[in-house]
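This report looks at how two neighbouring parts of one chain meet. Please have the sequence and the model open while reading.

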Amino acid sequence: MREYLLGNAAIARGILEAGARVVASYPGTPASEVVEILAPLAKKYDLHVEWSVNEKAALEVAIGSSWTGMRAAAVMKHVGLNVAADPFMTLAYTGVRGGLVVIVSDDPFCYSSQNEQDSRRYAQFACIPCLDPADPQEARDMTIYAFELSEELELPVLLRSTTRVSHARADVEVGQPKETRATPQFLKNPARWVALPAHARPRHSVLLEKQDAIKSALEKSPWNQLVLQGRSELGVIASGISSLYAEEAIKQLEAEADISFLRIGTFPPPEGLCSEFIRHVSKVMVIEELEPVLEEYVERVARVHNPDIEILGKRSGHIPREGELDPYIVRNAIADMASLPLVEPPSQSLREAAAILPPRPPALCPGCGHRAAYYAMREAFGTDAIFPSDIGCYTLAVDMGTIDTCLCMGSSITIGCGIRFSGEERDICCSIGDSTFLHTGLPGLLNAVYNKAKITVAILDNSTTAMTGHQPHPGTGVTASGDKTKSVSFEALARALGADFVETVDPYNVKATIETFKRARDYQGLSVVIVKRACVINERRAGIMRKPFMVNENCTGCRECVEFGCPAIEFDGDSARINSLCTGCGVCAQICPNDAIEMVK
Amino acid sequence: MKMKMKMKTKTKTKTSECDIVVVGVGGQGVILLSSIIGKAALKAGLPVRSAETHGMAHRGGSVINHLRIGCMFGPLVPVGGADILVALEPAEALRYAHYLSKDGVALVNTKPVLPSTVTSGQSKYPPLEEILAPLQRICRGIKTFDATKLAVKAGNPQTMNVVMLGALSKYIPLREEMLIESLTESVPAKFLDVNRRAFELGKREG
Ligand code: SF4
Ligand code: SF4
């Protein structure tokens, strides 16, 4: 059966067909859809699917399931693996029972991320196998294979996707979800599951001994393939999605050049295939996105099998180490190796486009409570205060002057503490979203209380994980599969962590929000302000409608409301106008000094 | 702007039967439009590859989807290689015009969506003629029409993307029945009629 599937849907499909029992994840672009697709199917297939509070929790939940013998997957974006790195590294020592696949989606070019780290390095670091799918079909097939390989080796397997695989769509051949599973049973075995030093040392040796088994399993796997055996001295080795770009380029150049092509889908790469390939060519172009993982491997193999070979790729400057590859870069790299003329890549945009087009950056939605929260924060603290911020939709407000830092999930509070402890004396107001606060902000707040940081922490609570597609979290009272659950109280949490000043305010009430921030600023100690207003997209989906606002004849053209930045407010030269995007939050009406904005009657 | 718009075969080795880029503003339905075509290609038994924009850009940002019908390679349409550029918004048509091949065709909805940089007065939105002139220069032909207005006429402004699909239908190597079947499966049943009307209105413009 063939279906037209998103890469992440193909991965979800693979998880179902492999008969996994537990799937845990924290949302993050480009990985979120795997769980979004599985969650509604959970009951039908007797699957536990959860949004965990963070990636470390997600991986540990998956580990628990695996240790009972049940297959499990943990799904996350690349930087999520940093959060899960602690269990990840030692898991390689303890190993697994039920197949455990860690599914990580990298984001070359940082489309929706703060960095473009290459997760294949993590697999190398942990000494576990890594699979690098090129397209949705391979993503599905490799997912199923990964569970089998994991059980065969008793090791976790890393399935490394990228944005262009996770968010690619293609026709994919799928099979049936697996119906039968073993019975879960946790077998007590302290020497395996208790990583005391005395147990860890021998387990490290076991891991190292398994390296040969990993190599021979991958050597036989179908993911590494000699695609073309040319007669010339030229060869191309490529992995993941780069192998598709390479294959296309070789096809386009086939009339002019005879090139051998080896396609790699596993790490470590297959030594036998690689060494044989290297022996037959005198020049090889290694093509992969981000880090030179494959290139370094080819260099190592070449030292033994063909020291005279010329290895081209990142070191030679043909293939960049940053950003994503595209058909042009790859075509020209191969053409250059074959001494064929390069084609001038058409300019990245037309002259006119650069000259006359207004930029269209993503922006907070009309009526978004975050915009109002930041407006009030700026009014209360002034622009000279320091505003450490965090990761979420609210980071889109970077032009409002209330976002001075953004590093990684949960870092706003702790960076704020450090700025305070450095001796910096200005006011500090950190902002962090509800989901991010629950992800890694909790220990940060506890740390701030414990170490007596005089800062203000604003929890921007829109009751969802908005940026990644509106997933629920422990503050929302529903689970991934839609079941009702306990809804955690941010006020109670903040108090339990030791904050004495805790107030909640609705950002649609501008005056009250400014006043609350002022009290928080003047409080002699750590203060927490919970700025609570549901995301407008969720409100709309829930059928909540408000009357829109309009500008009346009192408008003097002072532009105060325009400066506020709501996309529903336009300025036509003399006066403001409110367009059809207005969601009726009423904040601009409170900002207008001339009583010129009123609700449509 | 009358012209013959038959697909011309590319001179070099063909690696894709038809390369399309669909561009617009987050929320306009770029992904739905692309996936209706993709599913239709599947029905026709053609291999299809596509690359979508998800995530951050969807908060009113500029989005591009790549779609390759009859292709077994990577999902990205090479710059200068698109047979068709479908723009749900005029400024976005120009922003991604460099994807068009010189034998390509552009279908452009002329109804602007003002970016926040314009509503806030930081930038100006250029006049339509200035946006369209460079497009006319670089490709084989362009078709322009107010698809948003046609969608309203069909009964729902949200069906603008389906108006564009109707306009596109005669340029792609897929039979109309396949597209309609795929459209039927992709929209809620109660909106099918309005979407069918939108498709028909668009088809007249293509
Ligand atoms: S703040 Fe009021 S008076 Fe000033 S431009 Fe806006 S609507 Fe007009
Ligand atoms: S009421 Fe004002 S601020 Fe709120 S959405 Fe409408 S125009 Fe924007």
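## Where domain 3 meets domain 4

Between domain 3 of chain A and domain 4 of chain A the count of salt bridges (a side-chain nitrogen of Lys or Arg within 4 Å of a carboxyl oxygen of Asp or Glu) is zero. The count of residue pairs in polar contact, both at pLDDT 80 or more, is three; such a contact is a pair of N or O atoms within 3.5 Å, where within protein one must be able to donate a hydrogen and the other to accept it, and residues adjacent in sequence count only if both atoms are side-chain atoms.

This is a predicted model, in which local features need pLDDT of at least 70 and side-chain atom pairs count only at pLDDT 80 or more, while totals for chains, interfaces and linings use all residues. Residues are numbered from 1 along each chain as its sequence is written, chains are lettered from A and ligands numbered from 1 in the order in which they are written, and side-chain values use heavy atoms, with hydrogens and water left out.

The bounds below come from an automatic or database domain assignment.

| Domain of chain A | Residues |
|---|---|
| domain 1 | 2-218 |
| domain 2 | 225-337 |
| domain 3 | 369-541 |
| domain 4 | 549-599 |

Ten residues of domain 3 of chain A are in contact (heavy atoms within 4.5 Å) with nine residues of domain 4 of chain A, and the C-alpha centres of these two domains lie 27 Å apart.
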